[in-house]
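Here is a friendly walk through one protein model, from a single buried contact out to the whole fold. Please keep the sequence and the 3D view open beside you as you read.

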Amino acid sequence: MTHTVDPATMDKSVPPPPCVIAGTPVEQATAQAKGFIDNVYHAMDSNMHSSIPFRADSIACFQKGAADRYQGQSLMARLQMMHPCKSRDKSGMSVQIFPGNSMLVLVAGLSSTVAAEQQSQTLQTSILHRFADVFLICSDPQGPHIKAAVFREIDEDCGAPTAGAVQGDLFTKADTVAQQFAPFFYGSLDDPAKRGGLTSMFKGESYVTIGQDLFKGTQHIAHKMHYMPQLINPTARKIEGIDAIPSPASGGFFLFIHGACQLAGEDRQQRFVDLFHLVPEGSNFWISNLIMKVHGGV
């Protein structure tokens, strides 16, 4: 993966070009992730949940945040409560290579389901829902598996959490970090006068995917953040859900945040889904990976 030009010499008066990724391991990872994710969704939608490659220490969040976070057998029981889909549009998939021979994947798309009261009927009406799912795909001698995941139906309420949600000091810390991080990050991003403060949250090895464009390193990312679209006002963002999962790679945390915001010049709100990987450094955190997507209008 290379930059089109040296980030240090980029013209700061215009938005930066993304990294050039053709012919790199990122392309290979994307192809591998697509095949893996296709198999996972096929198993989910065919009620073959036992074939989904989770491990005993895998963690997944569902609809209700911290109260809907599971590990091991409780995870599999919760997974079976999800509605099977007739079809899924997975075109909004972003992949980043992650330390430890792993891949970080965010899938934002549309799923087609059948209302429960129609499932026994011959004539059925399909209902479209937006979904956004996160996967940390790791490999070991037994093969690729899901180490951490988030499953979110953006337009649908999948019911109350089941018993057995995982708890503990590490999960409490993850939730605390999430509640502190989100207001600071979005408060800085959404106020052009404060965007410069985001620079300290990235390092040379940081990766940011915005839409389908990839940016790497402090200067490249800061340049892109400077040109992010502005909201109609700095408070025109509503966070609707935060999922926090401890990271097995760094002692840090994955944060999945979704909600709605209204851009300047637009007459309606847009859905957004963002995925962060935070790495601890002293008493603070920096962002090693970030994927940001717009997921249609409200």
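Let us start with a pair of charged side chains: Asp-243 and Arg-152 are joined by a polar contact of 2.8 Å between their side chains. A polar contact here is a pair of N or O atoms within 3.5 Å; within protein, one must be able to donate a hydrogen and the other to accept it, and residues adjacent in sequence count only if both atoms are side-chain atoms. This is a predicted model, in which local features need pLDDT of at least 70, side-chain atom pairs count only at pLDDT 80 or more, and totals for chains, interfaces and linings use all residues. Residues are numbered from 1 along each chain as its sequence is written, and side-chain values use heavy atoms, with hydrogens and water left out.

Asp-243 sits in strand β9 (residues 237–246). Helices (H or I, at least four residues) and strands (E, at least two) are DSSP runs, numbered from the N terminus. Is Asp-243 buried or exposed? Its relative accessibility is 1%, so Asp-243 counts as buried; the term means under 20% relative accessible area, with exposed over 50% and partly exposed in between (1.4 Å probe, protein chains only). Setting aside neighbours within four places in sequence, Asp-243 is in contact with Cys-61, Phe-62, Gly-65, Val-150, Arg-152, Phe-254, Leu-255 and Phe-256, where contact means heavy atoms within 4.5 Å.

**Strand β6 and its partner β1**

Phe-151 belongs to strand β6 (residues 143–153). With a relative accessible area of 2%, Phe-151 is buried. Not counting residues up to four places away in sequence, Phe-151 touches a long list of residues, including Met-44, Phe-54, Phe-62, Leu-79, Met-82 and Phe-135. The C-alpha atoms of Phe-151 and Phe-135 are 8.9 Å apart, with their positions 16 residues apart along the chain.

β6 runs parallel to β1, and four bridges join the two; strands pair if DSSP finds at least two bridges between them. Ile-59, for instance, has Ala-148 of β6 as its bridge partner. On to strand β2 (residues 69–71): three bridges join it to β1, and these two run antiparallel. Here Ala-60 stands opposite Tyr-70.

Within β1 (residues 54–61) lies Ser-58. What is the relative accessibility of Ser-58? It is 0%, so Ser-58 counts as buried. Its side chain reaches the backbone oxygen of Ile-146 at 2.6 Å, and one of its side-chain polar atoms lies 2.8 Å from the backbone nitrogen of Arg-55. Beyond its neighbours within four places in sequence, Ser-58 is in contact with Tyr-70, Gln-71, Gly-72, Leu-75, Ile-146 and Lys-147.

**Buried residues at a glance**

| Residue | Relative accessible area |
|---|---|
| Cys-85 | 8% |
| Cys-261 | 6% |
| Phe-151 | 2% |
| Asp-243 | 1% |
| Ser-58 | 0% |

Two cysteines appear in that table, Cys-85 and Cys-261, yet the structure holds zero disulfides (a disulfide is a pair of cysteine sulfur atoms within 2.5 Å). Cys-261 lies in strand β10. Among the residues that Cys-261 touches, not counting those up to four places away in sequence, are Leu-231, Ala-236, Gln-269 and Phe-272. Its C-alpha atom is separated by 9.6 Å from that of Val-294, 33 residues away along the chain.

**The nonpolar cores**

In soluble globular proteins, nonpolar side chains tend to be buried together. A nonpolar core is a set of buried Ala, Val, Leu, Ile, Met, Phe, Trp, Tyr and Cys residues joined through side-chain atoms within 4.5 Å. The largest one has 30 residues, and those with the most contacts inside it are Phe-185, Phe-202, Met-225, Phe-276, Ile-287 and Leu-290. The elements giving two or more residues to this core are α3 (169–189), β7 (207–210), α4 (218–226), β10 (253–261), β11 (270–281) and β12 (284–297). With eight residues, α3 gives the most. Apart from this core lies another, of 28 residues, among them Ala-33, Ile-52, Val-105 and Ile-137.

**The whole protein**

Stepping back, the protein has four helices and 12 strands. Of its 298 residues, 50% count as buried. Of the contacts with a separation of 6 or more, 60% come from residues 24 or more positions apart.
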